[in-house]
Amino acid sequence: GGGGGGFDVYHTATGTINQLGNDIVNSAFTIKSINAITVYGDKIYLATGYGMSEFLPLKGAFGATVSQMAGLQTADSVRQVLDDGSHVYGAMHEAVVFASSAADLQNGHNWSFLRDTGGSVRALANFHGTIYAGAENGLFTISIAQDSLIPVPLSFPIAINRLIVARDSLYILDETGTLYSTGDLSYFAIQGLTAEAGSIVTAIAPDRNGGIVMGSDTNGVAFPVADSIFANRFPPGPISNEINGLSFATSTDKLNVTNLDAGFGIFSPD
């Protein structure tokens, strides 16, 4: 996903790229950036600077695009989209929005919102069947009645940047580059990653060996080796050392890396 609305698919088997974002690039939206891509079943959700778009790869075409949800500001940015099989959720500056997966997502009236409690919502995660929202003022869950965000009591203040679920644990990355991991929301292991990486950690992903790969804002990617952070950080280059997204592809044993505004790369850990 690109800053100008570019939406590309890279085929690992052939090395070819399909550019699918012409509809977005040529749209009238002022801000067209793709903030995040989520794959769920046979749907691909794009969290964008103008709202949310749905791409249907089996049809090779876009499905729903919605630029106003639940009466909120038109063409407002969505940071992340999450589908749990029954509802589709969006993380926004002022709220968590959601709609039934069976509804017409393009109709903004089918969306509801849960107003945040003073902190921008930055991340979503489905952990043990519960939807968690990470915000700049803490961690929240969606109430059973789906009418409010409930604070998760933590013994430490936290401004959350990212959430990921891996190996039956919830990983929380705060905006300073500190990583919190938990299996039960009661006990948290805490690790300061920024000092290890040499610059602020901006992205995390599980690796194939039970550890966490991290990407930083100036020093590229760092890997844990024998329970310690690998000192010689990567790339350097060939594109950029400013990392803003990581995903480890187990099927290809490769790490997919997005380099801020400089492009996309594939890294072989070996």
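These are my notebook entries on the cores, aromatic pairs, surface positions and salt bridges that I looked up in this structure.

**Entry 1: the model**

I kept in mind throughout that this is a predicted model.

**Entry 2: nonpolar cores**

I began with the largest nonpolar core, which has 17 residues, and I noted that Met52, Met69, Val81, Leu105 and Trp111 are the ones that touch the most other members. I then looked up which strands feed this core, and found that β4 (43–48), β6 (61–66), β7 (78–83), β8 (87–92) and β9 (95–100) each supply at least two of its residues. Of the contributors, β9 gives the most, with three residues.

I took Met52 for a closer look and set aside its neighbours within four places in sequence. What remains in contact with Met52 is Tyr45, Leu46, Ala64, Thr65, Val66, Met69, Val81, Leu105 and Trp111. Apart from the core around Met52 I recorded another core, of 15 residues, and among its members are Ala125, Leu139, Leu185 and Phe188.

**Entry 3: aromatic pairs**

I next went through the aromatic rings, where the count comes to nine aromatic pairs. In the pair of Phe7 and Phe62 the ring centres are 6.1 Å apart and the planes stand at 55 degrees, so I entered the pair as tilted. This pair links distant parts of the chain, since Phe7 sits in the segment before β1 (8–11) while Phe62 is in strand β6, 55 residues apart. Phe7 itself is buried, with a relative accessible area of 3%.

The second pair I wrote down is Phe156 with Phe188, whose ring centres are 5.4 Å apart and whose planes are at 90 degrees, so this one is edge-to-face. Here too distant parts of the chain are linked: Phe156 belongs to the loop between β14 (149–151) and β15 (160–166), and Phe188 to the loop between β17 (178–182) and β18 (189–192), with their positions 32 residues apart. I checked burial for both partners, and both Phe156 and Phe188 are buried. Going back to the first pair, I added that Phe7, Phe55 and Phe62 form one aromatic cluster.

**Entry 4: nonpolar residues at the surface**

Turning to the outside, I found a nonpolar surface patch made of Tyr10, Ile17, Phe264 and Ile266, which together have about 360 Å² of accessible area. Ile266 lies in strand β26 (residues 264–267), and with 37% relative accessibility Ile266 counts as partly exposed.

I also looked up Val39, which is found in strand β3 (residues 34–40). Is Val39 buried or exposed? My entry for Val39 is exposed, because its relative accessible area of 60% is above the cut-off, which for exposed is over 50%. I noted as well that Val39 and Leu82, though 43 residues apart in sequence, are 8.8 Å apart in space from C-alpha to C-alpha.

**Entry 5: salt bridges**

How many salt bridges are there? The count comes to three salt bridges, and I went through each in turn.

In one of them the side chains of Lys43 and Glu54 meet, at 3.7 Å from N to O. Lys43 lies in strand β4 and Glu54 in strand β5 (residues 52–56), so this pair ties together parts of the chain that are eleven residues apart in sequence. Lys43 counts as partly exposed at 24% relative accessibility, whereas Glu54 is buried, with a relative accessible area of 8%.

Another salt bridge is formed by Glu136 with Arg122, whose closest N and O atoms are 3.3 Å apart. Glu136 is in the loop between β12 (130–135) and β13 (138–142) and Arg122 in strand β11 (residues 121–127), so I place the partners, in line with the description of the pair as linking distant parts of the chain, 14 residues apart. Arg122 is buried, with a relative accessible area of 16%, and Glu136 is partly exposed at 34%.

The remaining entry is Glu175 with Arg122, where the closest N and O atoms are 3.0 Å apart. Glu175 sits in the loop between β16 (169–174) and β17, and is 53 residues apart from Arg122 in strand β11. For Glu175 I recorded a relative accessible area of 44%, which makes it partly exposed. Salt bridges that share partners join Arg122, Glu136 and Glu175 into one network.

Definitions and conventions. Residues numbered from 1 in each chain as written. Predicted model: local features only at pLDDT ≥ 70, side-chain atom pairs only at ≥ 80, totals over all residues. Heavy atoms only, no water. Core = buried A, V, L, I, M, F, W, Y, C linked by side-chain atoms within 4.5 Å. Buried < 20%, exposed > 50% of the residue type's maximum accessible area, 1.4 Å probe, protein only. Helix = DSSP H or I, 4+ residues; strand = E, 2+ residues; numbered from the N terminus. Contact = heavy atoms within 4.5 Å. Phe/Tyr/Trp six-rings, centres within 6.5 Å; stacked < 30°, edge-to-face > 60°. Patch = residues over 30% accessible without salt bridge, like charges linked within 9 Å, V, L, I, M, F, W, Y side chains within 5 Å. Areas by Shrake-Rupley, 256 points an atom, 1.4 Å probe, with all protein chains shown as cover. Salt bridge = Lys/Arg side-chain N within 4 Å of Asp/Glu carboxyl O.
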